[in-house]
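Please open the structure in the viewer and keep the selection tool at hand. The tour proceeds from one selection to the next.

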Amino acid sequence: MTTCADDRLSNNENRHQSCLKERPQIHPTKEESSLFDILVGVCSLSEREVTVRVAGGWVRDKLLNSHSYDIDVSLDTLTGEAFASLVQKYLLSMENEKEGTDNNNKQEKNHAHTCSKVSVIKANPDKSKHLETATMKIDTIEVDFVNLRTAEIYEDNHRIPTSVVFGTPKEDAERRDFTVNSLFYNLHTREVEDW
């Protein structure tokens with residue numbers, strides 16, 4: 001990946017858009033691509049417009065041509081639990097549609113997707129768990145869903161935030177611990193975003 005050598009541009013967002021000379025390419029596996037198609041399809045069930053991105057480790061592993069065993073999904077307008085519930089609803093509707101197709105045309109075969117129940121790991125600042133996470137297995141892939149975040153609100157004399165505010169990808173990236181963790185893979189555009 002080639003980036004601008006001049007970091008003195010006053011507008012970081014313009015730098016983000018103009019400095020990437022060559023966008024790195026990611027080649028998801030067939031199973032990952034199928035999962036990503038499902039996640040983008042789920043957006044049609046949401047009352048809010050939602051952008052789905054893969055964050056951090058999976059992006060890093062793919063750029064290094066390594067296998068990744070789980071996928072962390074970041075959402076800009078929904079909580080992880082709300083989106084995971086929509087995933088279940090979407091897969092159920094796909095299954096019902098498949099059954100209708102099978103009844104009308106025995107020759108057509110659709111792939112039936114499987115998913116586990118949604119588990120929610122609640123935020124627990126006392127245990128350094130700052131953000132509620134919904135987790136589930138879709139087909140054979142473990143997926144965690146969280147919302148993008150920006151402001152973390154702290155009580156006096158505490159180093160652990162007591163609440164978190166929804167954020168943009170840029171705001172979320174700026175609060176991450178390592179540069180590589182600020183990379184996102186936008187499932188709608190199928191491009192790497194380097195904020």
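Strands here are DSSP runs of E of at least two residues, numbered from the N terminus. With that convention, select Arg190, which lies in the loop between β8 (183-186) and β9 (191-194). The model is a predicted one, and the backbone angle at this position deserves inspection. Phi of Arg190 is near 60 degrees, a positive value in a residue other than glycine. Most residues other than glycine have a negative phi. Is Arg190 buried or exposed? Neither term applies: Arg190 counts as partly exposed, at 29% relative accessibility.

Next, select Asp139, in the loop between β4 (133-138) and β5 (141-147). Here too phi is positive in a residue other than glycine, with a value near 55 degrees for Asp139. Asp139 has a relative accessible area of 17% and is therefore buried, the cut-off being under 20%.

Now move to strand β1, residues 52-55. Which residues cover its two faces? Val52 and Val54 lie on one side, Arg53 and Ala55 lie on the other, and all are buried.

Keep β1 displayed and add strand β2, residues 70-75. The two strands pair in the antiparallel sense over 4 bridges. To see one position in this pairing, select Ala55, whose bridge partner in β2 is Asp72.

Finally, add β8, the strand that precedes the loop of Arg190. β8 runs antiparallel to β1, and 3 bridges join them. Select Arg53 to find Asn186 of β8 standing opposite; Arg53 is also among the buried residues of β1.

Key: Residues numbered from 1 in each chain as written. Predicted model: local features only at pLDDT ≥ 70, side-chain atom pairs only at ≥ 80, totals over all residues. Heavy atoms only, no water. Buried < 20%, exposed > 50% of the residue type's maximum accessible area, 1.4 Å probe, protein only. Pairing = 2+ DSSP bridges.
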